[in-house]
Structures are given as structure tokens and as C-alpha cells.
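Dear colleague,

I am handing over the structure we talked about, with the sequence alongside. Please look through it first, and then read the notes that follow.

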Amino acid sequence: MKAVRMVETNKPLELQEVPVPNIGEKDVLVRVRAAGICHSDAHYRAGRSAMGMMPITLGHEVAGSVEKIGSQVTSIKAGDRVCLHYNITCGDCYYCSTGNEQFCETVRMLGHHVDGGYAEYIVVPARNAIQLPEEIPFEQGATLMCASATALHALNKGRVKAGETVAIFGVGGLGLSAIQLVRAMGAAEVYAVDIQQDKLELASEYNAIPIDAGRVDPVEEIRALTKGKGVNVAVEMIGLRKTMEQAIDSLGNLGRAVMVGLNQQPISINTYLQVLGKEAEIIGSNDHLLRELPLLVDMARRKILDTSRVVSQTIPLDADKINGRLDALENFTSDVRVVVVP
Ligand SMILES: [Zn+2]
Ligand SMILES: [Zn+2]
């Protein structure tokens with residue numbers, strides 16, 4: 001089969017001819033129908049994250065149809081449409097058995113530690129395959145498995161409840177999913193903070209109240225809009241020191257700030273005024289859980305989560321085209337979501 005693989009760091013990915021992978025008794029072989037190209041893939045290619053092996057087929061946002069099942073697989077049959085949870089875990093360690101399998105001691109990620117979806121076929125344990133209803137095209141199913149799933153996990157970590165107010169900092173792929181999911185969770189009001197007009201307009205189309213941080217101080221604006229109270233939950237999805245501090249600053253009493261954007265810089269907090277006095281919480285959110293995915297897929301099926309505008313381009317399984325897209329992500333030239341359709 002054909003696979004587009006990373007052979008060396010900091011070099012273009014290469015199209016290779018490799019054997020169709022063998023499956024174990026609890027695995028499924030999936031014919032890849034869609035594999036999303038993600039910003040992480042650009043980081044991997046540039047050598048900013050240690051890979052589990054080399055050469056390796058990249059691609060962790062995968063959907064397809066089941067080609068073959070292992071002898072012990074009963075939950076899925078050949079021909080089923082599926083999308084794949086990208087973390088392969090043991091199921092037995094302390095973290096797996098307490099429902100926090102993103103910390104599994106032997107976690108391996110598709111397209112990072114083991115071969116991913118820029119290929120004609122991929123093998124995964126059967127439990128990693130989630131049924132994908134007919135209503136959701138493969139391309140949209142694939143992209144659900146990364147940004148939208150991470151957004152849902154962040155909101156779960158923030159314990160968003162009906163009637164609460166929520167501020168989302170950053171209206172990219174994560175933020176747009178979060179805005180819609182927060183609505184589905186019954187939030188009374190959602191504030192969307194960004195500096196780009198097109199993103200703010202998109203946020204208001206999904207019934208969020210846009211706040212242009214290029215024109216106003218978002219913390220003051222949120223205080224004004226909540227009659228001085230501040231929000232119940234603020235979710236930071238950008239990864240900048242300034243917006244992290246603003247997210248914490250926008251909280252009301254008993255508020256929860258969820259940190260999703262990656263940032264290595266320390267931030268400054270007045271623990272008395274911003275945390276202790278308000279009994280506020282600062283919560284880290286990392287990745288997502290297998291058990292969150294069936295609900296996410298169902299929300300997309302019921303159109304509570306609109307996935308129709310996520311994918312803007314599809315490309316074939318072609319090394320040059322994939323490399324070109326990774327170059328664009330590396331240079332931040334666009335937010336366009338591109339999916340490989342082998
Ligand atoms: Zn991704
Ligand atoms: Zn485990």
C-alpha cells in the first residue's frame with residue numbers, strides 16, 4: 001500500500017510503498033477514507049516532538065471503513081464506518097482503570113508513536129474505532145477526532161453547567177467547537193474573545209457574543225456584560241501569557257479557568273485576589289478521552305455541533321501536497337483545514 005511517511009526530521013515526508021499492516025486478534029484494519037492535516041504534524045516533521053519510531057506514517061485524525069477484524073472482535077464488523085480515537089492505551093494500568101487513560105503509562109498516539117493515517121490502510125485496537133453515522137462525511141468525522149474532542153474535554157474539565165456564562169479565548173478550530181458545545185450544555189451566554197474580524201463574525205453566527213480584544217479590554221468588557229460578576233468558566237485556547245491572565249481575570253466567584261493553549265512561559269497571578277478570595281480554580285486540560293467521543297459524534301450527527309464548515313479542502317495521498325500544507329501551517333499562512341483523502 002501507499003503511505004506518506006516521515007523518514008527524517010526536518011525533511012519533507014516521502015511517499016513509500018509498504019506492506020498492508022497485519023492485525024492482532026483484538027485489532028481492526030481500516031481502509032482510510034480521510035486523514036486530517038493538523039498543526040501538530042508540522043511540529044512532528046520539524047523535530048519538535050520525539051517520535052515513537054522512524055520512519056513513521058503521520059496522521060492522527062482518521063476516519064474510514066473497516067476492512068477486516070481480528071478473531072476476538074465483536075463490537076465492530078467489516079464494512080462499518082468508523083473514526084479513530086488516536087490514543088492507543090493498555091486499558092489496565094492505574095490511569096486507564098480510573099478513567100484517565102490519557103495518562104496511560106504505555107500510551108501511544110497514532111501518527112506520532114505508531115503509524116497513522118496518511119496511508120491507504122491503518123491498524124488500531126477495535127476499542128479505538130468509534131462508529132461514524134452515515135450523516136457525517138468521513139472528512140468531517142476525521143477532524144472531530146482532534147480539535148472538537150479536545151474542546152469537549154476542556155468544557156468537561158471546566159464542569160460547565162446549564163445557566164452558566166462562559167468566555168472562550170481564541171476562536172480557531174478549538175474555539176468554534178467549544179462555542180457550539182457550550183451552547184449544547186445549556187450555557188446562558190457565551191463570550192468569544194479574538195482579534196480577527198472574520199473569526200468574531202463566525203462566532204456570532206454560532207450565537208456567541210463577540211468581543212474584539214484588539215479594540216476593547218476583554219476583561220472589562222466581560223465584567224460589563226455580566227453586570228460586574230465575571231464569568232463562571234473561561235477557556236483559554238490560544239496559548240499566550242496575556243490571554244491566560246485575562247481568562248483568569250475574567251472569572252467571577254467560584255469561577256473555573258481552563259487552560260488548553262500551549263505556553264511555556266510563566267504567568268502572573270495574584271493568588272489572594274484572583275484565586276483564594278474567589279475560590280476560583282485554574283484547571284489544566286490535556287487531550288481527551290475515548291469515552292467522550294461517542295457523545296461528540298452524536299452531537300455532530302444531530303447537528304448540535306456543525307462540522308459542515310470545518311473542512312475547506314481535500315487533497316489526495318500525495319507527498320508534495322501534504323508537505324506543501326505542512327509548510328503553510330509552519331508559516332501560519334492560513335487556518336484552512338485540509339484533509340487527505342487516499
Ligand atoms: Zn490534530
Ligand atoms: Zn494504561
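The zinc ion (ligand 1) takes its protein donors from Cys38 (SG), His60 (NE2), Glu61 (OE) and Cys146 (SG), which lie 2.1 to 2.3 Å from the metal. Please keep in mind throughout that this is a predicted model. The angles among the 4 donor atoms of the zinc ion (ligand 1) run from 93 to 126°, and the site is tetrahedral. Along the sequence, the donor residues of this ion follow the spacing C-x21-H-E-x84-C. Two of these donors, Cys38 and Glu61, link distant parts of the chain, for they are 23 residues apart, with Cys38 in the loop between strand S3 (27-36) and helix H1 (39-45) and Glu61 in strand S5 (residues 61-69). Cys38 has a relative accessible area of 10% and therefore counts as buried, the cut-off for that word being under 20%. Glu61, with a relative accessible area of 0%, is buried as well.

The zinc ion (ligand 2) is held by four cysteines, namely Cys90 (SG), Cys93 (SG), Cys96 (SG) and Cys104 (SG), at 2.3 to 2.4 Å. The site of the zinc ion (ligand 2) is also tetrahedral, with angles of 103 to 116° among its 4 donor atoms, and its donors are spaced C-x2-C-x2-C-x7-C along the chain. Of these cysteines, Cys96 and Cys104 are both buried.

Turning to the surface, which residues form a nonpolar patch there? The patch consists of Tyr94, Tyr95 and Phe103, and together these residues have about 330 Å² of accessible area. Tyr94 belongs to helix H2 (residues 94-97), and because its relative accessibility is 56%, Tyr94 counts as exposed, a word that applies over 50%.

As for the strands, there is an open sheet of 3 strands in the order S2-S1-S4, with antiparallel pairing. Strand S2 (14-17) and strand S4 (56-57) stand at its edges, and each has a single partner strand, so one side of each is left without a neighbour in the sheet. The antiparallel pairing of strand S1 (residues 2-6) with S4 extends over 2 bridges, and within this part of the fold Met6 is found opposite Ile56 in S4.

Strand S5, which carries the zinc donor Glu61, is paired with S3 in the antiparallel sense over 8 bridges, and it is also paired, again in the antiparallel sense, with strand S6 (residues 81-84) over 3 bridges. Gly64 is a useful residue to follow through these pairings: in S5, Gly64 is the bridge partner of Val32, and Gly64 also stands opposite Val82 in S6.

One last residue may be worth finding on the model, namely His43, which has its place in helix H1. Is His43 buried, partly exposed or exposed? At 33% relative accessibility, His43 counts as partly exposed. His43 and Val20 are 23 residues apart in sequence, and their C-alpha atoms are 27 Å apart in space.

With best wishes

Conventions. Residues numbered from 1 in each chain as written. Chains lettered and ligands numbered in written order. Predicted model: local features only at pLDDT ≥ 70, side-chain atom pairs only at ≥ 80, totals over all residues. Heavy atoms only, no water. Donors = N, O, S within 2.8 Å, 3.2 Å for Na, K, Ca; no water. Tetrahedral: all angles 85-135°; square planar, octahedral: opposite > 155°, others 65-115°. Helix = DSSP H or I, 4+ residues; strand = E, 2+ residues; numbered from the N terminus. Buried < 20%, exposed > 50% of the residue type's maximum accessible area, 1.4 Å probe, protein only. Patch = residues over 30% accessible without salt bridge, like charges linked within 9 Å, V, L, I, M, F, W, Y side chains within 5 Å. Areas by Shrake-Rupley, 256 points an atom, 1.4 Å probe, with all protein chains shown as cover. Salt bridge = Lys/Arg side-chain N within 4 Å of Asp/Glu carboxyl O. Pairing = 2+ DSSP bridges.
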